[in-house]
Amino acid sequence: MAAITITDLNNGKLDVELIEKLATSAEFEATDRHGNTKKTWAGIERDLGAAYAVETTGANRLAAEIAAASSATAADIAAARGNTYPTPAAGVNPAGTPPGVPVNAYFTVPSPSARDSLDLYQNVAGAAVQQIGKSIPNADAVKKPVWTGVPNGWPDTFFTHSTPGVDFFGKKRWHSSNTAVPTLSVVPGSVFLSGKALQRSVQGTAVLEGPCIQVSDLGITPGVDKITVFGLFTGTGGAVISMPVRPYNGNVATAGQAAGLSDAGATTIVGSVVGQRMRVTIDVPAATTHVWVYPYHVTAGGALKFEALWAFKGDVNQGPDWPTAESIFERLQMTQTAGEVAEQARTLEVVQGATEFGFDGKVVVTGLITVAQGVTSPSSVARDLAFRGWGETISAPGVPFNAIRIKMVTRYALVADVGKWHTMHGLVRVGPTPHLAGTPIQAVGVTRVLPSEDTLIDLIILLRDPVTGALKTVNPIDNVFLSAWAQNAAGGPAALGEPRATMPNTLGQSYYTVATGNPEALTWSAFEPANARIGFELLNITDPVESTEFFPSQKLADSLSGLAPMVGPEIIMPPYIYGVQGRECNLYLDNLHVDDADSWLHDVNTSPANGQQLGDCWRWVPAGALAAGTLTLTTHDRRTGSQVGSTLTAQIRAAATSAGAGQNQKLLFLGDSRWASGVPTQTLLDNAVGDPLTITLYGTKGAGANKHEARSGWRIADYVGPGPTYRSVAVDGVTIPPGQNATQYTDGATVYTVQDISLTGAPGALAGTLVLSIDSGPSTPPASGTLTKTGNLTRPGDATINFTSTATLPGNPLWIGGAVNVGQYLTNNGFPKMNRIGMSIGTNDGFASTTDEQAIAVADAAFLNLDIIIASALASDPGTVFDIIMPPPPARYQDAFGVSYGVGQPRWRFKRNITLWNKRLIAKYAGQEANRIFIVPGGPSIDTVNNVPYGDLLPANSRSAISIKRQINGVHQASGGSQQDGDAYWAFLKCKV
């Protein structure tokens, strides 16, 4: 190296100053000492936008500023003192010429690195200590870094795309020593503007978890090349952080752990808000598929944040020392998509039945099967890699056989793809100690199995000559070593548990292998200390035939899923489900679905375990109080069983019978016709009989103690204005009941819509009342007369109905002085302050929507009016709370809508409308308990199959001898359904007192 001149130092200082200006200047351009104009970081952000600049370059202003500040610090220290020495030793030699620097002083030495001009050292007690990361880069290295274009071996540098534990792009990307105990979570990053980070709060090394860097992504040749891994960390709580790495083949380590080093050369760092690097370079051993990176900390109460991960082929000088390497996530994503399309275009191969991409196959052996020697007590123990083969020595069986049968064999259910079996192999060696390598091989065998199956039963392997491959019958006269082992689709080891069974002529020793070589040529290891019996049936098969059955492969399923992912059902879940000791609590699955529960499979779980998952619902009769618990619901594809959509969770609570003892709850209920029937409120009164909690109901509607303020046909908007003008008419002689909220009639001057129906008797003699809303015309009908159907004549109802009297129904009792005033309503009626005001409404609001978008818009607009009612209710007294009772979905079958509405409104449309209503209700009001607003899961608790009105037993059709009952009311429950609504509120009330 030529001697460094003053000009060189000055040029270096100018270059470093340029770096600092590029990183920190508010100007958009800077000029180097050669007169070339460069864009500054500010200029890049101006042109690309800050977020895109970060995403595109993999860096950010903070990173550039740190790098510039570090370089400037080194340059300033050296330049200020002018202490440059030819070697580190010269810099600390007090007797040298010139003399070395004093203790604790800094000096520079020409760098051996191709990218640095000078390295900074400090005299520490007479020893030269290099200051890692504080070097003066040479100009060419700054402008033309050697690592330009080097890809990052971890595809997701700043953890913005990946999820811990979830592999991607067909390769293993994560590993954990215990997958049941996750230790990493994705959180916002602290160093990079658009980055995220992996956070680990778990202390210690009991469970280790981290990313896997695939060496093939970097073009590394195992056994030849090196790999360098960098990690950037922050931390809290004084976390002492380590970053070890270890090379693996599948789940088998190919070498020991290598410790990561800090910039100061230590094996740990103490986490802080400032990002700190750790790095490690290892020789990649032969057969290595990936390198596992598993950072951890050992500080109680501390936490580490893994801010960035980058890795490259070669040693530390062949890649960047800051995470500016290319992120290959998008490149791999594009490559994989193109590859999948190409693979799906391949012609199926007849030789193997299909390509591995399309189908997996298993071989089935048929023929006249005779058991030459059997086994007893067959079972199996699941294993993961590295276990891949098991065998047993027996004395000469004395019978010929041409196949072996494994009665049962299994593997670890969560084995990684690389450990999944594709073929099962058999081996027969004969000799005095046949488990040893070199023993003559009498026969071998192989059969194909399904990688997707974790357990194999009665698996037959035909024996063949090891040289010619012809089918072979053997009859050994010496000791025999029988064994089986598994291989994956690539011919590597696959996980295999021991196929346990007892053969009558066992010599009492079992064996296993974990080796990656060909087991036929290996010495097998004694299974100690367990030495459990390994057994195989010996078969004689006359005219054996092997045939292959093909099944869609997991790779095909995964690929098709990736290209056209299964769309899961749209489901709602109430935030809380309430029960009370000794009373039945139900959660009906179809009531949670926007579409139809029968299209899916369901899995309900509770913690602690409570209740039963029945065919249509989860049912729970609490034995006592439950202060805390959860219910989870997952849905699964009926064909594959795979989970679709996310896991939904509700909190479950139960009250003891004694809850609320000595209290009297004053209650007021608003709502539509379902609660205007008085059945839910009467249920509350019935449940309170003999209960230590008593209730008093208030309202201007109802009779006796059963009071309320619900109105048939009302919407939320009706409660925030004067209220609609309704007429009640007495009718008789009705044959076909009109469609509620659907059929229109006229008295000749006024057009009405039927809002509520209360009829009894037999068809042709039905009598009772109809509640009519006025659509147009005079508001005062005649005292009696005839109603004639108008509008959509296909809707249900007689063509004419006689009415004998009319009555005007009162308007909105809450509308006082031109506003909703609940407090004044209570005063005007002589009612006390309420403990709780409940409202069950929504059927009429959302009934007529024809699209999902319209249903959602209707709900959102209605809830703005609901806010007005809630605000007035809560203002009536500081102790009053407001309970929103979820409305139920319609009757379960379309029959009810055909009877109620003809062809006017299909059930499925209203089911979507009301379920979307509940979805928006939950989204808006869940978590508002602190604001005295609660959600009551009334609707989800109602049986829409058995607790809705049914008609008489009639022939299924005019030509049928079979009589059936059909549901006859689309939106109203029978008394049992309304009682379930009341039961749901009772359980809620008992949990809240």
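Start by selecting V428 and A443: A443, in strand 25, is the bridge partner of V428. The model is predicted, with local features requiring pLDDT of at least 70 and side-chain atom pairs counted only at pLDDT 80 or more, while totals for chains, interfaces and linings use all residues. Residues are numbered from 1 along each chain as its sequence is written, and side-chain values use heavy atoms, leaving out hydrogens and water.

Next, select strand 24 and strand 25 in full. They pair in the antiparallel sense over seven bridges. Strands here are DSSP runs of E with at least two residues, helices are runs of H or I with at least four residues, and both are numbered from the N terminus. Two strands count as paired if DSSP finds at least two bridges between them.

Now add strand 27, residues 480–487. Eight bridges join this strand to strand 24, residues 423–430, and the two run antiparallel. Two positions to pick out are G426, which stands opposite A484 in strand 27, and V430, which stands opposite V480 in strand 27.

Widen the selection to the whole sheet. It is an open sheet of six antiparallel strands in the order 25-24-27-22-29-30. At its edges are strand 25 (441–448) and strand 30 (525–526), each pairing on one side only. In general, strands of a sheet pair through backbone hydrogen bonds, either parallel or antiparallel.

Return to strand 24 and colour it by accessibility. Eight of its eight residues are buried (under 20% relative accessible area with a 1.4 Å probe, protein chains only; exposed is over 50%, and partly exposed lies in between). One side carries T423, H425, L427 and R429; the other carries M424, G426, V428 and V430.

Move on to the largest nonpolar core. A nonpolar core is a set of buried Ala, Val, Leu, Ile, Met, Phe, Trp, Tyr and Cys residues joined through side-chain atoms within 4.5 Å. This one has 64 residues, and W618, L866, F882 and Y925 touch the most other members. Helix 13 (residues 852–875) gives the most to this core, with eight residues.

Select L866 and its surroundings. Apart from neighbours within four places in sequence, L866 is in contact (heavy atoms within 4.5 Å) with I716, M839, F882, I884 and Y925. A second, separate core of 31 residues includes V375, A486, A494 and A532.

Finally, show the whole protein chain. It has 16 helices and 55 strands, and buried residues make up 48% of its 993 residues. Of the contacts with a separation of 6 or more, 73% are between residues 24 or more positions apart.
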